[in-house]
Amino acid sequence: MTSRAASAAATRRALLDAAADLLDRGGLEAVTLRAVGAQAGVTRGAPYRHFPDKESLLIAIGVRAWERLGARMAALRADRGLSAGEKLRTGIIALIGIGRSQPHLYKLMFGNPPGDPTALARAAEHSQTEFLAIVADLVGERDAQRYGALLISTANGIAGMEVGGQLPNEKWGTVTAEELVDTLVAMIAGEAVPK
């Protein structure tokens, strides 16, 4: 027999999964509490028992995405089989991968929700801490924040260009996101830039 708490947790997960799917397929406008409940196959009132409004549901989706990315960064950081440069490359590609495969989620993750403008920034802290530790392994503690900010802002630009259909493009020599990341990591590591 399932406990009440376990049942509530399962319903919440189902609602978040449904909301994330609707977000992926139709953007913010597609995510309504009614549509999420219907997609999750729960009673009409269930979404409202877990989320007071659409904004809190969207924040929960963004928080979950940051938690998952933070777990990926922590696992990546702990991987002894990869060099610091390989970890950095993989971490940046993971972030760009969200923008590539889930552009609406990516935009949500970097947004500032009006009801709680710091909610997603707080959720991102663990991921950012793990990412900065990966950067520090490559460039040292003293320069980690500066290079980390450069890398994240560049990754955001790469993701934006790719989602906007500007990569690959003849104008830029049909370069891919992965090739740009390879160049960036090589520059940061002081290695020869790949051609």
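**Reading contacts and salt bridges in a helical chain**

In this predicted model, residues 24 or more positions apart account for 63% of the contacts in the protein chain with a separation of 6 or more.

Me: Which secondary structure elements does the protein chain have, helices or strands?

Reply: The chain has nine helices and zero strands. Of its 195 residues, 37% count as buried.

Me: What makes a pair of side chains a salt bridge?

Reply: A Lys or Arg side-chain nitrogen has to lie within 4 Å of a carboxyl oxygen of Asp or Glu. A search of the whole structure finds eight such pairs. One of them is R64 with D17, whose closest N and O atoms are 2.7 Å apart. R64 belongs to helix 4 (residues 54-78) and D17 to helix 1 (residues 4-26), 47 residues apart.

Me: Is R64 buried or exposed?

Reply: A residue counts as buried under 20% relative accessible area. R64 has 15%, so R64 is buried, whereas D17, at 42%, is partly exposed.

Me: Which parts of the chain does the pair R89 and D182 tie together?

Reply: The side chains of R89 and D182 meet in a salt bridge at 2.3 Å, N to O. R89 lies in helix 5 (residues 84-101) and D182 in helix 9 (residues 177-189), so the bridge ties together parts 93 residues apart in sequence.

Me: Which residues form a network through shared salt-bridge partners?

Reply: E162 and R100 form a salt bridge of 2.5 Å, N to O. E162 is in helix 8 (residues 141-163) and R100 in helix 5, 62 residues apart. Salt bridges with shared partners join R100, E162 and E178 into one network. Within it, E162 is buried at 19% relative accessibility, and R100 is partly exposed at 35%.

Note on methods. Residues numbered from 1 in each chain as written. Predicted model: local features only at pLDDT ≥ 70, side-chain atom pairs only at ≥ 80, totals over all residues. Heavy atoms only, no water. Helix = DSSP H or I, 4+ residues; strand = E, 2+ residues; numbered from the N terminus. Buried < 20%, exposed > 50% of the residue type's maximum accessible area, 1.4 Å probe, protein only. Contact = heavy atoms within 4.5 Å.
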